[in-house]
Amino acid sequence: MKLSDILMGPIIVGIGIVALIAASMQPKPFFGTGYGGGLFPTVVGCGLLLAGALLTLNGWKERASQPLVVIGDWIRSPRHIANAAVVLGALLFYILFSKSLGFILAGFVVIFVTLLQFTRAPVRSLIVAVATTLVVKIGFQDVLLVPLPWGILEPYAGVLTWR
Amino acid sequence: MEVIYDAFLALMRLDVLLVILLASIFGLFVGAIPGLTATMAVALLVPVTFFMDPLPAIAAIVSASAMAIFAGDIPSALLRIPGTPSSAAYTDVAYKLTMAGKGELVLGACVVTSAVGGLFGGVFLMFFAPAVAKFALNMSSYEYFWLVCLGLTSAAFIAPGSAIKGMISLFLGLLVAMVGLFPVTGQPRFTFGSTALYGGVGLVATLIGMFAIAEILRYALSRDPLPPMATNKIGNIFKGLAPELWRYRRGFGSGIVVGTVTGPLPGAGADIAAWISYALSRRFSINRKEFDKGNLEGIVAAGAANNASVSTSYVPATVLGIPGDSMTAIVIGVLFIKGLTPGPAIFQNQPTLIYGIFLSFILANLLMIPLGYAAIKLSRYILDVPRAYLMPIILLFCVVGAFAMDNTLSAVVTMLVFGVVGWFMEENGFPIAPALLGVVLGRMLEETFLTSMIKAQGDFLQFFSRPISATLGVITILIWLSPLVMLLLKRAGRRRAEA
């Protein structure tokens with residue numbers, strides 16, 4: 001999804017303004033050099049403001065030849081839109097439910113759903129998803145001792161730990 | 001010399017060697033698969049290296065990156081798709097030669113020039129870096145401030161695409177670096193009231209998002225399947241290679257030199273080294289006509305250059321703590337996570353470690369010949385691995401990798417956000433490297449500035465009071481002004497043309 005400079009420029013200017021406002025809310029220094037936490041964000045905000053303005057100017061000059069928004073071929077393919085939606089949805093699902101469901105279940109859902117969407121082969125997806133979840137679980141949780149959440153499987157944690 | 005011997009012994013431990021071997025195989029695999037870049041290989045490796053000692057951790061990154069840069073040549077020659085951006089310069093020629101039945105020769109040349117280029121770069125690194133370090137010991141916060149400025153501006157200006165977008169990318173990265181506690185007073189800044197952001201935005205989660213999640217999204221939305229392989233039979237890749245390499249020895253040599261020199265430059269990564277070297281070898285070709293028709297000369301030059309630059313890009317990263325490209329930016333991040341501060345003092349404090357890192361370049365590039373040979377032989381199977389299965393597997397590793405760094409779910413959120421941002425930026429022609437450098441160096445930029453200002457009691461002219469610092473400052477400001485000067489020159493030229 002490519003926005004033309006004439007749309008992108010104002011977005012950058014907007015980010016710059018937000019940075020400037022946020023910087024101005026930083027507490028003023030009362031000792032030392034007189035430079036506080038707001039100084040660098042102010043410089044960066046000004047930079048964004050300037051660069052965004054230049055980009056807008058560019059876009060204005062080329063407004064005849066630059067379409068406002070160019071979207072890739074995928075916009076006409078429901079399958080590809082679903083692909084991206086599944087990737088993002090799976091990550092959101094993990095963020096929301098990994099604590100309650102635990103890694104084994106939530107992680108399995110993440111990989112199984114994306115595999116199914118990408119390959120459309122349920123049996124193979126299931127095998128690969130189970131195998132990968134197991135490898136990651138053993139590798140990270142049992143060997144590297146990363147405290148992946150147990151969630152509802154907590155009562156079985158002892159049985160499920162390989163050591 | 002004794003230090004080098006100690007470092008050699010540290011590197012020769014069985015577990016370290018095993019790590020290097022596994023990381024090499026991983027790098028070859030990731031580099032060879034189109035759509036998975038060398039930077040992605042390194043980003044995915046970081047969460048695993050987190051649990052290792054510093055030497056095997058960095059050695060793993062070194063070997064994976066060197067191998068991935070070489071392995072990018074394999075799909076270039078066989079599918080006409082560069083496996084990593086640094087192979088793009090000679091993809092067309094390589095494919096053309098493969099179609100003409102010279103696939104073995106091309107792949108043989110790629111593996112040998114990559115290894116030799118990397119070796120030369122590694123040796124250069126070993127002897128040049130300590131010299132730079134000795135010099136750098138005399139540098140104060142003024143010089144560091146300008147060096148960081150210089151590195152960041154060059155990164156923004158050299159990046160592919162428009163300079164304005166490079167600058168915007170850099171500023172956005174710097175803005176992200178501002179999140180966290182303000183170093184001087186310890187007050188929270190841009191944390192939106194979330195304590196999870198007090199330590200700043202997690203670097204590794206950002207990396208994984210920008211380089212892996214963004215890539216997975218791009219794959220999810222891409223509609224073109226991989227083309228069929230140019231050839232299925234790969235015979236002896238070393239047959240008849242030596243005379244060919246001898247014929248193009250000048251291009252080979254210049255490729256090594258160009259790569260070695262480009263590596264330490266801020267903002268110039270392996271891909272730029274390959275492009276410059278390819279263009280130069282065409283310019284000074286022994287037979288321009290044959291070069292344009294397609295021969296090994298450009299491949300030899302650029303293939304050596306990209307690997308040489310991977311080695312020497314560690315000079316500014318380890319000696320000054322200022323990375324020049326995304327890959328060394330990750331290495332700096334890893335060193336910090338390990339509680340080591342890269343900088344000239346590292347040669348005194350951690351000599352075994354630093355020489356071990358340098359030696360690992362030599363080891364990795366020596367390993368490249370047998371492992372590269374195996375990868376080329378197995379390329380049919382590697383390129384056959386369906387990406388539809390690979391991408392979801394990588395997705396799960398990303399989730400766990402981001403989580404593993406500080407064991408919080410907020411890292412997964414960060415990864416998701418930066419994945420979408422990275423994808424959007426790439427779609428709109430914003431280079432990613434300046435943003436990453438901004439994230440990594442933003443803190444250092446601010447701290448060196450504030451320390452200098454406190455030392456100078458607020459007198460900005462002190463930034464120009466020392467010879468090196470003044471020179472660096474002037475160069476930086478000249479680069480800042482260069483677009484303006486160019487614009488004025490263009491205007492003047494146009495006016496003269498009109499008159």
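**Chain B and its contact with chain A**

Just after helix α20(B), N407(B) adopts a positive phi of about 55°, where helices (H or I, at least four residues) and strands (E, at least two) are DSSP runs numbered from the N terminus. This is a predicted model, in which local features need pLDDT of at least 70 and side-chain atom pairs count only at pLDDT 80 or more, while totals for chains, interfaces and linings use all residues. Residues are numbered from 1 along each chain as its sequence is written, and chains are lettered from A and ligands numbered from 1 in the order in which they are written.

The helix that precedes N407(B) has 20 residues and spans 29 Å from its first C-alpha to its last, close to the 28 Å expected at 1.5 Å a residue, the expected span being 1.5 Å times one less than the number of residues.

α20(B) also belongs to the interface. There, 42 residues of chain B are in contact with 50 residues of chain A, two residues being in contact if their C-beta atoms, placed from the backbone, lie within 7 Å. On the side of chain B that touches chain A, two or more residues come from each of α8 (163–177), α9 (203–221), α20 (387–406), α21 (410–427) and α22 (432–455) of chain B, and α20(B) gives the most, with eleven residues. That side divides into 33 nonpolar, five polar and four charged residues; Ala, Val, Leu, Ile, Met, Phe, Trp, Tyr, Cys and Pro count as nonpolar, Asp, Glu, Lys and Arg as charged, and the others, Gly among them, as polar.

Chain B as a whole has 23 helices and two strands. Its radius of gyration, taken over C-alpha atoms, is 23 Å, close to the 23 Å that the globule rule gives for 499 residues, so chain B is as compact as a globular protein of that length; the rule is 2.2 Å times the number of residues to the power 0.38. Among the contacts in chain B with a separation of 6 or more, 79% join residues 24 or more positions apart.

Turning to confidence, the model scores ipTM 0.93 and pTM 0.88. The mean pLDDT (the predictor's confidence in each residue, from 0 to 100) is 88 for chain B, with 100% of its residues reaching 70 or more, whereas chain A averages 89, with 96% of the residues scoring at least 70. Where pLDDT is low, the predicted coordinates should not be read in detail.
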